[in-house]
Amino acid sequence: MQVPSSAVHTTWEDGDEVSDTSGGAVDNEDAWSDDKSDDGYGTDFDEGIEADCGEDGGRPHPRPCPWAPQGSDLPPSDDDGVNEGEDGENDEDDGVPLPPPAQEHKSTAQLVEEIKAQLQVKYAEVEREGQHTVRLNPSLFLSRKPTLRFWSLFEPADDINDDIMYISKTSRSKRLYSYIHSGVRHTCMAGTMRRAGLKETRKDNWNILWGKRPTDDDYVTLNPYQKINHFPGTWNIGRKDFLFRNLQRMRRLHGPQEYYFCPHTFLLPGDWSLLCNELEQNKLQPANIEQQNLYIMKPPAASCGKGIYLVRHPEDVDREDMEKEKSIAQRYVSNPLLINGYKFDLRMYAAITSFDPLRIHLFDEGLTRFATEKYKKGANLITNVFMHLTNWSINKKSSKFDKNMDADVDDTGSKWSLGALKRYFLANNMPWDKVWDGITDILIKTLLSIEAIVCSKVAMFVKYRSTCWELYGFDVLIDRNYGLHLLEINIVPSLHTSSPLDKKIKNVLVSNILNLIGVEPYDRKRYAEEEELRKKKRLLGFNSSLADHEGEKGRPRMARPSSGERSGSQPSNP
Ligand code: ADP
């Protein structure tokens, strides 16, 4: 898939909204800032040291690395045909020197210990020098290749143990990994990729694409090693109007007792008269926001609280704007749970690795985002965005915004961690388990609402099972009765790190996800040759085992008639 090079280095000002090419919004509440320290090495990407796989197996592995290209496996030429000229080839073998030949009296265990000790020394050097080694997670399954190991600056350094394999830079310089972002680039994502040995690329030989939504046809061109951070069809929950249309459909199908978490929503301008009827009733009510049918107007494909306002009467709605562009009017949850008098909402993260079967991985950390004005009941206060909206990009403009400056003190300021909220709940005898169960329930039911459409699109456009994965950021509001309300789902959640707490949570999130999806190294030239061979064999009709790539979805093959059958089936000449 070609990614427009113009999109590759796009950056934004803090808090700017970023629109998808299709007109939808990307959650850029915390837009990218160039924070070199996040990289951990403070080096520039373009001069990055590549991660290479050894011709001769490089340094000894604590475990044998059966799939790593061995000398005889590699093409004879020094030119790998990929990423030429981006980095000089290095003829020195910088692998760990092999331990002296095994002495009769040394046990295997002693030898292993010796190798480990040497690796430890070498690894410390590697860390100092920069990135010359990549670490691999061996698979639990024998038939599966190991995958690249990612780690964040906030996780303890991995011990040298049997669970990690290494491949090192050697004379035959082979760049096996690269990543690309199409328009959305965050330092914690870029730093984690780089630490693991990936290099940013503009070519289409990438391993990971982390960016905005691709078109359906883009999926068709991907090879089995490429991973992309979207499933086709998930846009149906990524836009607010589509999300609520889907949830309303599920509510009709399964009943309000199952789909209880979606605030009542009107899709405008279509539902304008229905909204007017609803708002007219407010004229009979006293001017107290808790007793009124307040609605919150939102553009369907924007983020960062842009274009959001509360309405009490039909006259409060900006008619001109509403008729020009679609918007939604959503029932305002006017009894939010308050902490120290402030309204807050939760930003949760979940990664999906498969829709068939549905595999959801809910990240157990997240963010608690507070408003900066105490929540009061006066109906005349509905224009106060610092009281009613909890977006960081809105509240950071308030003089009362309190930025958290210490990642380890995660329960102060205008943004807490989810762990801090949990502690607060438990300390105050509040039902955390009920909230957590509700969150998982909401997540599963929301994803089920698009399961059918995603599965049919995957069957149509995606050739390999492990090509797609997706990270969702979903916003949930808790009311005073501990009821949960889903506000929106972001399919490109912001990974910007505006504070040390953000940095810690999002760095760990990114490395967790990348380890979860499993990025397999591969030799591009060899893969291209195999593909060529496979095509030829298919064309010539040989039954090739190469055609059955292990990652390829099983498709029933047409039995090829034998020559006897063929001649037998020919209509006999009259
Ligand atoms: P955006 O994508 O622009 O951030 P959201 O739907 O997340 O839009 O809404 C922004 C903020 O407005 C939320 O963080 C929340 O504080 C408030 N909000 C949104 N919808 C509701 C609602 N139905 N009831 C109460 N507050 C809401």
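# Terms and values in a predicted model

User: Where is the place of proline 357?
Analyst: Proline 357 is in the loop between S15 and strand S16 (358-370). Such elements are runs assigned by DSSP and numbered from the N terminus: helices are H or I runs of at least four residues, and strands are E runs of at least two. Residues are numbered from 1 along each chain as its sequence is written, and the model is predicted, so that local features need pLDDT of at least 70, side-chain atom pairs count only at pLDDT 80 or more, and totals for chains, interfaces and linings use all residues. Side-chain values use heavy atoms, with hydrogens and water left out.

User: What makes the bond between aspartate 356 and proline 357 notable?
Analyst: The peptide bond joining aspartate 356 and proline 357 is cis, with omega about 0°. Most peptide bonds are trans. Leucine 268 and proline 269 are also linked by a cis bond, with omega near 10°; proline 269 belongs to the loop between strand S10 (265-268) and helix H7 (272-280).

User: What is unusual about the phi of cysteine 304 and of tyrosine 482?
Analyst: Most residues other than glycine have a negative phi. Cysteine 304, which is not a glycine, has a positive phi of about 60°, and tyrosine 482 has a positive value near 65°. Cysteine 304 is in the loop between S11 and strand S12 (309-311), whereas tyrosine 482 is in the loop between S18 and S19.

User: Why is cysteine 304 called buried, and why is tyrosine 482 called partly exposed?
Analyst: A residue is buried under 20% relative accessible area, exposed over 50%, and partly exposed in between (1.4 Å probe, protein chains only). Cysteine 304 has 6% relative accessibility and therefore counts as buried. Tyrosine 482 has a relative accessible area of 21%, so it is partly exposed.

User: Why is asparagine 223 called buried, and where is it found?
Analyst: Its relative accessible area is 11%, so asparagine 223 meets the condition for a buried residue. Asparagine 223 is part of the loop between helix H4 (216-220) and strand S9 (227-228).

User: Which residues does asparagine 223 touch, and what polar contact does its side chain make?
Analyst: Contact means heavy atoms within 4.5 Å. Leaving aside residues up to four places away in sequence, asparagine 223 touches Tyr464, Tyr522 and Tyr527. A polar contact is a pair of N or O atoms within 3.5 Å; within protein, one must be able to donate a hydrogen and the other to accept it, and residues adjacent in sequence count only if both atoms are side-chain atoms. A polar side-chain atom of asparagine 223 is 2.7 Å from the backbone nitrogen of tyrosine 225.

User: What is known of tyrosine 522 and arginine 524?
Analyst: Tyrosine 522 is buried, because its relative accessible area is 6%; arginine 524, at 8%, is buried as well. Tyrosine 522 is in the loop between helix H14 (500-517) and helix H15 (524-540), and arginine 524 is in helix H15. The C-alpha atoms of tyrosine 522 and asparagine 207 are 8.9 Å apart, although 315 residues separate them in sequence. Arginine 524 and tyrosine 225 are 299 residues apart along the chain, with their C-alpha atoms 9.8 Å apart.

User: Which residues come nearest to the ligand, and which of its atoms make polar contacts?
Analyst: A residue counts as near if one of its heavy atoms lies within 4 Å. Of the 23 residues around the ligand, Lys298, Gly305, Thr390, Asn391 and Glu488 come nearest. A polar side-chain atom of threonine 390 is 2.7 Å from an oxygen atom of the ligand. A side-chain N or O atom of lysine 240 is 2.9 Å from a ligand oxygen, and a backbone N or O atom of valine 333 is 2.9 Å from a ligand nitrogen.

User: Which elements give two or more residues to the shell around the ligand?
Analyst: These are strands S11 (295-298), S13 (327-331), S15 (342-355), S18 (470-478) and S19 (484-490).

User: How many helices and strands does the chain have, and what share of its residues is buried?
Analyst: The chain has 16 helices and 19 strands. Of its 574 residues, 54% are buried.
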